[in-house]
Amino acid sequence: IKGMAAGGIGLLLAFFGEDPMTGTARFSFGLEYLWDGIKLVPVFLGIFAVAEMIDLAISNRRTISGLETLEALTGNVWEGAFSIFRHFSLFIRSSLIGTLIGLIPGIGGTVAGFVAYGQAVQTARDPEKFGKGDIRGVIAPEASNDAKDGGALVPTVAFGIPGSEGMALLLVVMTLHGIVPGKELLVDRLDILFVLIWALVISNVLSSVITILIVDVLAWVTVIRTHAIVPAIFILSLIGAYAYQYHLGDVVIAFFFGFLGYYMKKNEYPRISLVIALVLGGLVERSFHQTLQMQALGRINFFTRPITLVLIATTLFVTLLPYLRALKRKKTES
């Protein structure tokens with residue numbers, strides 16, 4: 001219920017700004033800043049970075065991890081690396097989610113990571129362990145985030161439609177060098193296509209190797225004193241919000257969502273649900289209007305198309321899955 005409520009709030013916030021059909025301003029409250037809607041960057045900085053710093057400042061922990069020395073940390077690098085094989089099915093599912101979301105232009109890795117994390121929690125037998133150091137909470141979003149680049153490459157090279165911000169930059173570079181996406185690239189310039197594919201593969205391998213080599217240095221972050229890191233991260237988050245488009249309104253948004261994120265965390269409202277709904281809200285609304293127009297013109301019959309019925313059934317199943325699992329646990333305990 002809390003997840004649905006958070007998603008509903010995110011969907012409502014996504015409707016701020018101009019109506020995609022009429023161009024009229026909605027929920028602007030007389031502020032020009034809200035005519036273009038709520039920007040995602042200050043929202044992310046607020047609901048995650050600022051909220052976490054507020055929580056960390058209020059807590060009694062002297063360090064981020066609660067441990068005083070680096071020697072007190074448990075676990076090792078190779079245990080984490082080989083944990084993928086202990087949760088291989090989760091790794092495959094999350095990679096598929098990332099690839100499929102990457103195929104959809106304009107969504108990006110943020111949504112892919114959140115969706116993968118959500119399905120990992122919903123399909124786990126012990127979801128209460130997530131958020132408390134469970135390695136599955138890292139495997140799911142990271143596998144999805146890495147896989148989304150391969151999916152985003154497909155519409156970029158095949159149709160010239162960038163699947164993400166990074167692919168938009170790649171498309172600009174290709175255009176500057178006279179490389180035309182589409183049939184020419186897929187048929188006549190296969191050498192360039194395979195260079196792109198192998199560059200993507202090798203970059204992931206190299207980043208993994210480099211991370212393993214410097215992981216001991218990165219581990220020091222977990223034992224930094226709270227009083228030193230909280231002000232620094234808090235100020236950097238607000239500077240980042242302002243630097244996004246040099247508008248004080250973004251700083252206010254970051255502040256607002258920082259306290260909202262802290263409230264949601266303390267009361268166990270999933271922030272991920274709000275973020276996914278906020279990111280996809282514009283796409284949902286535009287697609288909804290397109291569907292209604294095609295239905296009115298007789299081009300499609302929405303409720304008789306097989307893919308529509310499959311998606312509706314899948315949505316209902318995923319929504320009801322937590323209740324079904326809870327019911328099953330109650331029967332087992334009784």
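## Talking through a predicted model

Colleague: Happy to look at this with you. How many residues does helix 9 have, and what distance does it reach from its first C-alpha to its last?

Modeller: Glad to, and bear in mind that this is a predicted model. Helix 9 covers residues 190–213, and at 1.5 Å a residue a span of 34 Å is expected. The model comes close to that, with 24 residues and a reach of 35 Å.

Colleague: Which residues in helix 9 are buried?

Modeller: Burial here requires under 20% relative accessible area. In helix 9, the residues listed as buried are I192, L193 and L196.

Colleague: Let's turn to the nonpolar interior. Which residues of the largest nonpolar core touch the most other members?

Modeller: That core has 22 residues. Several helices feed into it: helix 1 (2–14), helix 2, helix 4, helix 5 (109–123), helix 12 (248–266) and helix 13 (271–296) each supply at least two residues. Helix 13 gives the largest share, five residues. The members touching the most others are L13, I38, V43, I47, I253, F257 and L274.

Colleague: And V43 itself, what is it in contact with beyond its neighbours within four places in sequence?

Modeller: V43 is one of the core members that touch the most others. With those sequence neighbours set aside, V43 is in contact with I38, I253, F257 and L278.

Colleague: Which residues are among the 10 of the other core?

Modeller: This second core lies apart from the one just described. Among its 10 residues are V157, M167, M174 and L185.

Colleague: Now the charges. Where do R26 and E285 lie, and how many residues apart are they?

Modeller: R26 and E285 form a salt bridge, their closest N and O atoms being 2.7 Å apart. Both residues are buried. The bridge links distant parts of the chain: R26 sits in strand 2 (residues 25–26) and E285 in helix 13, 259 residues apart.

Colleague: What about the partner of K266: is D55 buried or exposed?

Modeller: K266 and D55 form a salt bridge, with 3.3 Å between the closest N and O atoms. It joins helix 12, which holds K266, to helix 2, which holds D55, across 211 residues. The relative accessible area of D55 is 10%, and the limit for burial is under 20%. D55 is therefore buried.

Colleague: R136 and D134 also pair up. Are they buried or exposed?

Modeller: Their side chains meet in a salt bridge of 2.7 Å, N to O. R136 has a relative accessible area of 14%, and D134 has 16%. Against the under 20% limit, R136 is buried and D134 is buried.

Colleague: Which residues are joined into one network by salt bridges that share partners?

Modeller: The count for the model is 10 salt bridges. Those with shared partners make one network of E52, D55, K265, K266 and R271.

Colleague: On to the aromatics. Why is the pair F88 and F91 called tilted?

Modeller: The model has 10 aromatic pairs. In this one, the ring centres are 5.8 Å apart and the planes meet at 40°. Planes under 30 degrees apart would be stacked and those over 60 edge-to-face, so at 40° the pair is tilted.

Colleague: Where are F88 and F91 placed relative to each other in helix 4?

Modeller: Helix 4 spans residues 88–103. F88 counts as partly exposed at 40% relative accessibility, and F91 does too at 25%. Ring pairs also link them with F82 and F85 into a cluster. Because they are three residues apart in the helix, F88 and F91 are separated by about one helical turn.

Colleague: Which ring does the charged end of K39 sit over?

Modeller: There is a charge over a ring at K2 as well, 5.1 Å from the centre of Y269. For K39, the distance to the ring centre is 5.2 Å, and the ring belongs to Y33.

Colleague: Last one: is Y246 buried or exposed?

Modeller: Y246 has a positive phi of about 50° although it is not a glycine. Its place is in the loop between helix 11 (226–245) and helix 12. With a relative accessible area of 63%, where over 50% is the mark for exposure, Y246 is exposed.

Conventions
Residues are numbered from 1 along each chain as its sequence is written. This is a predicted model: local features need pLDDT of at least 70, side-chain atom pairs count only at pLDDT 80 or more; totals for chains, interfaces and linings use all residues. Side-chain values use heavy atoms; hydrogens and water are left out. Helices (H or I, at least four residues) and strands (E, at least two) are DSSP runs, numbered from the N terminus. The expected span of a helix is 1.5 Å times one less than its number of residues. Buried means under 20% relative accessible area, exposed over 50%, partly exposed in between (1.4 Å probe, protein chains only). Rings of Phe, Tyr and Trp (its six-membered ring) pair if their centres lie within 6.5 Å; planes under 30 degrees apart count as stacked, over 60 as edge-to-face and the rest as tilted. A charge sits over a ring if NZ of Lys or CZ of Arg is within 6 Å of the ring centre and within 35 degrees of the ring normal. A nonpolar core is a set of buried Ala, Val, Leu, Ile, Met, Phe, Trp, Tyr and Cys residues joined through side-chain atoms within 4.5 Å. Contact means heavy atoms within 4.5 Å. A salt bridge is a side-chain nitrogen of Lys or Arg within 4 Å of a carboxyl oxygen of Asp or Glu.
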